[in-house]
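Here are some exercises to work through with the model open beside you. Try each task before you read the solution below it.

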Amino acid sequence: MMEIEEVSNYEALPLLSLNHVSLLCRSVLDSMRFYEEILGFVLIKRPSSFKFNGAWLYNYGIGIHLIENPSIDDFDTIVEPRPINPKDNHISFQCRDVGLVKRRLEDMGMKYVTAVVEDEGNRVDQVFFHDPDGYMIELCNCENIPILPLSSCPFKPRLSSFNRAAPTKCGFMENMMMESLSMDILNISF
C-alpha cells in the first residue's frame, strides 16, 4: 500500500497578483514601439536609479519591463527565428475581437498562427505571434471557458500519516481566489 505524505506544512506565499513580466530585448526602441503600437501598452516612469537601458510599460493591469541587451543572440544558439508554436512559452492577453486581431496583423504583414480550444460547447479562438525579439504573444477570447476550481476548499483533504481525512480550513489564497472567481461570475452575469 502506497502512503501519500504531505510535502509541506507551509501555506502558499501571500501573493496578490501578477505585477510585471521582464523581457530582455535587442533594442528598447523597437520593443517599445511594438508593445505600444501593436498591444496598446503605455510607457510609464522607470526608477532613475537603474544604470542600464530599459523601459517600463503598463496596461491591462500588468507591466512589461524591457531590459536592453544587444548581445541577446549570444545566449541563444538559434540563428533562425523560432517557429510560432502554441505549446511554447508565451504571454497571453484576452481580447474582444479575435477576427479584428487577425485582420490587423495581416495588414501589418505579421506572421501568426491560430488555434482553437473547445470544452463542453465553449470555444476559445487563439492567435499567436512573436514580438521583435521572438517572445511569443497570444491574443484570445479565453473568457469563453470559465475558470472552475477542480475542488473547493471545504472538501480539500489534508493527507498525512497521522490524520488521513481531516478537513483543512481554506487558506488566505484559496479564499482570495474563490472571492475573485465569485466576483468574476457576478460581473459576467450582469
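**Exercise 1. Find which residues of helix H1 (residues 28-37) are buried, and where they lie around the axis.**

Solution. Start with the list: Val28, Ser31, Met32, Phe34 and Tyr35 of H1 are buried, where buried means under 20% relative accessible area, exposed over 50%, and partly exposed in between (1.4 Å probe, protein chains only). Helices (H or I, at least four residues) and strands (E, at least two) are DSSP runs, numbered from the N terminus.

Next, look down the axis. The buried residues span an arc of only 160 degrees, so they sit on the same side of H1; the arc is taken from the directions that lead from the helix axis to the C-beta atoms. Turn to the other side of H1, and you meet Leu29 and Glu37, which are exposed.

Finally, ask what covers the buried residues. The cover includes E1, E2, E3, E4, strand E7 (122-130) and strand E8 (136-140), with contact meaning heavy atoms within 4.5 Å.

A word on the source: this is a predicted model, in which local features need pLDDT of at least 70 and side-chain atom pairs count only at pLDDT 80 or more, while totals for chains, interfaces and linings use all residues. Residues are numbered from 1 along each chain as its sequence is written, and side-chain values use heavy atoms, with hydrogens and water left out.

**Exercise 2. Work out the order of the strands in the open sheet, and how they pair.**

Solution. Strands of a sheet pair through backbone hydrogen bonds, either parallel or antiparallel. Here two strands count as paired if DSSP finds at least two bridges between them. By that rule 4 strands form an open sheet, ordered E1-E4-E3-E2, with mixed pairing. At the edges are strand E1 (20-25) and strand E2 (42-44), each paired on one side only.

Now take the pairs. E1 and E4 run parallel and are joined by 6 bridges; Cys25 stands opposite Glu68 in E4. Strand E3 (residues 54-59) and strand E4 (residues 62-68) run antiparallel, also with 6 bridges, and Trp56 has His65 in E4 as its bridge partner.

End with the side chains of E1, which alternate: Val21, Leu23 and Cys25 point to one face and are buried, whereas His20, Ser22 and Leu24 point to the other and are not.

**Exercise 3. Locate the salt bridge of Arg33 and say how far apart the two partners are along the helix.**

Solution. The rule asks for a side-chain nitrogen of Lys or Arg within 4 Å of a carboxyl oxygen of Asp or Glu, and the count comes to 4 salt bridges. Arg33 meets Asp30 at 3.3 Å, N to O. Both lie in helix H1, 3 residues apart, or about one turn of the helix. Arg33 is partly exposed at 42% relative accessibility, and Asp30 is partly exposed at 38%.

**Exercise 4. Identify the disulfide and its handedness.**

Solution. A disulfide is a pair of cysteine sulfur atoms within 2.5 Å, and the whole structure holds 1 disulfide. Cys140 and Cys142 form a disulfide, with their sulfur atoms 1.9 Å apart. The torsion about their S-S bond is about -110 degrees, so this disulfide is left-handed.

Then compare burial: Cys140 is buried at 0% relative accessibility, while Cys142 is partly exposed at 24%. Cys95 is in no disulfide; the nearest cysteine sulfur, that of Cys140, is 6.6 Å away.
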